[in-house]
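Trainee: I should like to understand how the terms of a structural description are justified. May we go through them one by one?

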Amino acid sequence: MNFEIIDFHTHPFLLSSQNICNHIEFCNMSPEHTLDIFGKMGISKICGGVIALDNKAFPTLWDKVRDNNDTALALWERYGDFYIPGFHIHPDYVEESIAEIHMMHAKGIKLIGELVPYIDGWSDDCLENLTVILKEAAKYSMVVSFHTGGHDFLDDMVAQNRDIPIVAAHPGECDSVLRHIARMKKYDNCYLDLSGTGLFRYGVLRRLIDEVGADRILFGSDYPTCNPAMFLGGVMNDPLITDAEKEKILSLNAKKLLFT
């Protein structure tokens, strides 16, 4: 097996306050070390947005969004082609989010997210505003990475935004996997990345491929919260998966979403 590996789901950091690893004191982690960490695993590109956990550190939630996005752009300048930045939007700030979409499109950036509503303080009744924002993003063939928190909300979001690819993050346990499968069978704009819980359950990847095909499953780790080596091994060393399926999951599917 000799093919490129793209980690579709990461949260790179520029400052220690943006490093969401739970075991920082036991890891040699810094922006400088990120290239080395992934390079030793054979991962040549990472994707994703910057996550900040402390909402009170910012005057408004939109100030937090812009700070995360500015950091992502700074990391992009530092890392070059190694990093595909993801940027944040916020449904409580429709005009600002649309302006951010226009700005990021002008820079050639098409990945939104990972969007994590509970971290960024989204309103409970935000779907209408979010749909307005995503309709604008769809004009530029953007892609959304979205945290699987509530399956009902994700179902409605995918259904109302059929013209933009939405990559759900984290397979989860069996009941969650079944919800992902049902959604992916119903909506061809719905994808799944393998980060977080779920992949360690033996047979889940074979089930996903048999149920919905290998073309809408993407390798992701959720670094620095999770160890990319665990997820890479879960795909590369799975005897139930063919090499052709592994290549799609590890890089080809991400390339189709982000570079075409």
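Mentor: The sheet of this predicted model is open, has eight strands in the order S1-S2-S3-S4-S5-S6-S7-S8, and shows parallel pairing. The model is predicted, so local features need pLDDT of at least 70 and side-chain atom pairs pLDDT 80 or more, while totals for chains, interfaces and linings use all residues. Residues are numbered from 1 along each chain as its sequence is written, and side-chain values use heavy atoms, with hydrogens and water left out.

Trainee: What makes S1 and S8 edge strands?

Mentor: Strand S1 (6-7) and strand S8 (217-218) each have a single partner strand, so one side of each lacks a neighbour in the sheet. A strand here is a DSSP run of E with at least two residues, a helix is a run of H or I with at least four, and both are numbered from the N terminus.

Trainee: How do you know that S2 and S3 are paired?

Mentor: Two strands pair if DSSP finds at least two bridges between them. S2 and S3 are joined by three bridges and run parallel, so by the definition they pair. Cys47 has Ile84 of S3 as its bridge partner, and Ile46 stands opposite Tyr83 in S3.

Trainee: Why is the connection from S2 to S3 called right-handed?

Mentor: The chain leaves S2, passes through helix H2 (residues 61-79) and arrives at S3, forming a right-handed β-α-β crossover. The word means that, with the strands pointing away from the viewer, the path from the first strand over the helix to the second runs clockwise. A right-handed β-α-β unit is also made by S3, helix H3 (residues 94-106) and S4.

Trainee: What joins S3 to S4?

Mentor: Two bridges join these parallel strands, so the requirement of at least two is met. Gly86 has Leu111 of S4 as its bridge partner, and Phe87 stands opposite Ile112 in S4. On to the next pair: S4 and strand S5 (residues 143-147) run parallel and are joined by three bridges, with Phe146 of S5 as the bridge partner of Leu115.

Trainee: Why is strand S3 called mostly covered?

Mentor: In strand S3 (residues 83-87), five of the five residues are buried. Buried means under 20% relative accessible area, with over 50% called exposed and the range in between partly exposed (1.4 Å probe, protein chains only). Tyr83, Pro85 and Phe87 point one way from S3, Ile84 and Gly86 the other way, and all are buried. In a regular strand the side chains alternate between the two faces of the sheet. S4 is likewise mostly covered, with five of its five residues buried.

Trainee: How do you know whether Gln18 is buried or exposed?

Mentor: Gln18 lies in the loop between S1 and helix H1 (31-40). Its relative accessible area is 4%, so Gln18 counts as buried. The side chain of Gln18 reaches the backbone nitrogen of Leu14 at 2.9 Å.

Trainee: Which value settles the matter for Leu194?

Mentor: Leu194, in the loop between strand S7 (190-193) and helix H8 (204-212), has a relative accessible area of 1% and is therefore buried. Leu194 and Ala169 are 25 residues apart in sequence and 6.8 Å apart in space, C-alpha to C-alpha.

Trainee: What makes a space in the structure a cavity?

Mentor: On a 1 Å grid over the protein atoms alone, a cavity is a set of points where a 1.4 Å probe fits but cannot get out; lining residues have an atom within 4 Å of a point. Grid points are joined across faces, edges and corners, and a volume is the space filled by probe spheres set on the points. The search of the whole structure finds one cavity of 30 Å³ or more, and the largest cavity has a volume of about 40 Å³.

Trainee: Which element gives the most to the lining of the largest cavity?

Mentor: S4 gives the most, with three residues. The residues that line the largest cavity include Leu111, Gly113 and Glu114.

Conventions. 1 Å grid on protein atoms, 1.4 Å probe; cavity = no way out; pocket = protein on both sides within 12 Å on 5 of 7 lines; lining within 4 Å. Polar contact = N/O pair within 3.5 Å; in protein donor to acceptor, adjacent residues only side chain to side chain.
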